[in-house]
Structures are given as structure tokens and as C-alpha cells.
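This report goes through one protein chain by its parts, its packing and its backbone. The sequence and structure come next.

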Amino acid sequence: MKNIAFDRVKFAFDIERFFICMSQPLPFDLTSDTNPTNAMSLHDFSIVETTLREGEQFCKARFSSSDKVEIAKALDSFGVEYIELTSPRVSIYSRKDCHQIAELGLKSKVLTHIRCNLEDAKVAVDTGVDGINIVIGTSDLLRYFSHGKSIEEIIEIASKVLGFIRQANPRIELRFSTEDSFRSSLSDLLRVYLEIDRLGLVDRFGIADTVGIATPSQVFELVKILRQTTQKDIEFHGHNDTGCAIANSYTALEAGATHINTTVLGIGERNGITPLEGLVARLYVLNPEAIERKYALGSLGSICKLVADKVGVEIPFDRCIVGSASFSHKAGIHTKAVLKNSRTYEIIAPEDFGLERTMLIDHPLTGKYAISHRCHQLGLNLSPDKLVVATQKIKDLAYTRQISLEGIDRILVEFSQS
Ligand SMILES: [Zn+2]
């Protein structure tokens, strides 16, 4: 099994050797760490939202046509730039769904995702979608055990398919991606991308960490070289098998990627891909105002709830932004500081997402500032001495048994009247 080496020296050596073999000059300075495109990518990127393609491959997903329309409209209102749909070749239902969603008149561009073959392409161009995402495996494993094609055959069939689509619809947006890019050899990848690039048919290239094996530094190197070599827009698709999907997507943008694949709650094959809410959180902290201008952040929670309900799961408590624990503060040292200035322990403002923070006081870690805040909410005025005693009483009680907020309120009322 081959992995792209993330050793920079070896990486540079491999690339140099590749271009010598191809009798081509190196198109950029391999030793340079700077990437003229990355500053733009972090602000001027597009989300390719694939809940209705990758997400449909989640083990618990079974979307009806009306579910798909509802989800597509919600994603469109949120403001994602692209919505990707399951291939119309999968069934008569997915074909109908492609037609129906393409005709909704959404602001988001509608894409469908197909294998690299003419039969898929013929059906896809007929659906009225704005763009077609084509994928084909280039790793040894996928070439031997999936489609059985050599690298030469991949280039040949891709050229035919891309040429057919471009001729059938000159205005359609075309993306060509390798699959399992990070277990493909670097020279195979570069051969495929450069040959396809020479045809001048595609709008952007895709890189897919199909099995979630890539590290951020590997993603950075591959995106950077592809961006600099082809000057094309780059789309990144990252699986989350080792928990790196958000970091890898962010790093892809830093390296010059322009399009990132997400699904709501990260649903997809196995444990899924980059979650929409996670990517939004990651990019929000970089520039909250820019993300607020781009997306309707107040609807993120309801979109996650909608998709969670459709696939029959709870939103996990630790999900970025939308998890139930995301804005709850417990320890006395935290609540004290947050009550004075929320930025002390919050890098994301819940109110920007239409959410509220929670101050937990029904536990032994609580402190007098949090209790004082509760008194204030209840309109009670406790002296500093009473506040200390009341806090201690609540801590002692919470240590020995579960207490409710109502129980705490009763104690505070009693203290205020004593
Ligand atoms: Zn995938």
C-alpha cells in the first residue's frame, strides 16, 4: 500500500524526478513555503454540500424525494454555494430527484456526482444540473479491485467522458477528481491531473481522502502542488476515519483549495466526512463577520436538527456549535469569568447562531459568582455573607445527591427571606 510521503525532502525529490521524466521544467519553486493563493482561499471559498450524495451513503440514511427537497431548500437558505446529489444512474428515483431539485430554482448550484463512464455522463447531462462531479479511483487497491483500469486507461476514458459532457453542454461546470488520492502514487496522480489539465475541459480538480488516512501536512503538500501545477480551482473531500476531517479541510484551504465538501453532522460512508457545522466553526473563529456575511448562521442549528431527525439520530453532545454541551459552563472559575466577559472561555458567540449559553449551577463545582448570577435572574438580593453560605449549602447538597434547578431556586428564596 502506497502513501504519499509527507517528508518534504522526499516529496520535493519525487516531484522533481516526475517533471524530469516528463521532460518538463518545474512549474514552481518547490522550496517555497508561501502560497500566493492561500490568503484568498480562507475567505473566498465555496462549500460543496453533499448531504444529499455522501450523506445518503450514511448507514442510517433513507431520504424520500420530499426529504431531499426539504433538505436542499434548507441548505440553500443557509447559503451553501453548491448542493451535490446522488448519481442519476443509481435508480429511477435518484434520476427523478436530480431533475426535481435542479428545477427548484435554488441560489445554490446543483451538482450531481458520477463515475467516470459515458453511460453515467449521458444520463447526468440530461438532468438539468448546473455541474457534474466526476470521480475515478487511482490507488492500486481501487484500480485492481474496483474498476480494473490502468492509469493509461483512466486518462483515456476520462478524456472521452469529459469531452462528451463539454460538447453536450458547453456551460456545465465540470470537476474531475481522483478517488483514494492519498493512497495513490504521486507520479500516477500527477500524470492523470496534468494529462486532463492539458485538455482544457475541466473547471476544477478534486482531491479525495476517501478512507480518511491523510494527515494535514499531506493534504497541504498535495493541494499546494496541484494548485500550483494546474492553476485550477481545487475541491477537497475528506473522510473522518481518524478524526482529521475538519483539520484536513482547513489545511486544504490554507494550501489553496477553493471548494470543500461537507455534510450536515458529517454523515456519510462509515463515520462520514467533514461536518458542515465543524467547518463553519473552524472558519468562523478566523473571521466571524466574513462567515456571517456568507451564511445564515442562525439556521445552522435547525438544519442539523432537520437532518438528525431524518436519519433518526440525536445530535452528538460534543458537535461544534450545535452540540448540547457546546455553550455550557460548569466550573466556578469558568462561570465567574464568562459572566464578566464571555470571550474568556468562548471563541464562538452562541448568539451569532441564535443559541444561548448555559451556566450550570447544580453541581459541587459551582461558585458564588454563578449563584449570584442566578439570584439576579430570580430578582433576589442576597448579602455577600448569605451568598457564601448559600453557595456552600448548594455545593454540599450537590455532592451527596442530584439536585434540580428548582431545588436551588427554593434554597435561594429561603436565604433571601431569612
Ligand atoms: Zn466520500
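Into which domains is the protein chain divided? There are domain 1 (33-311) and domain 2 (328-417), with bounds that come from an automatic or database domain assignment. This is a predicted model, in which local features need pLDDT of at least 70, side-chain atom pairs count only at pLDDT 80 or more, and totals for chains, interfaces and linings use all residues. Residues are numbered from 1 along each chain as its sequence is written.

The average pLDDT (the predictor's confidence in each residue, from 0 to 100) of the protein chain is 92, and 90% of the residues score at least 70. Residues 1-6 have a pLDDT below 50, yet this stretch has 18 contacts in the model beyond near neighbours in sequence. Two residues are in contact if their C-beta atoms, placed from the backbone, lie within 7 Å.

The centres of domain 1 and domain 2, taken over C-alpha atoms, are 45 Å apart. Contacts join nine residues of domain 1 to six residues of domain 2. On the domain 1 side, helix 11 (276-284), helix 12 (288-294) and helix 13 (300-311) supply at least two residues each. Helices (H or I, at least four residues) and strands (E, at least two) are DSSP runs, numbered from the N terminus.

The largest nonpolar core has 86 residues, and I83, V223, I260, V280 and L300 touch the most other members. Another core, of nine residues, lies apart from it and includes I361, L382, I394 and I408. Such a core is a set of buried Ala, Val, Leu, Ile, Met, Phe, Trp, Tyr and Cys residues joined through C-beta atoms within 7 Å. A residue is buried if 20 or more other C-beta atoms lie within 10 Å of its own, exposed if 12 or fewer, and partly exposed in between, with C-beta atoms placed from the backbone.

In helix 14 (residues 332-340) the buried residues are G332, T335 and V338. They lie on the same side of helix 14, because they cover an arc of only 135° around the axis, the arc being that of the directions from the helix axis to the C-beta atoms. Their packing partners are strand 9 (328-329), strand 10 (358-359) and helix 15 (368-378).

Two residues other than glycine have a positive phi.

| Residue | Phi | Loop | C-beta neighbours within 10 Å |
|---|---|---|---|
| L265 | near 65° | between strand 8 (259-262) and helix 11 | 25, buried |
| I321 | about 65° | between helix 13 and strand 9 | 22, buried |

Most residues other than glycine have a negative phi.
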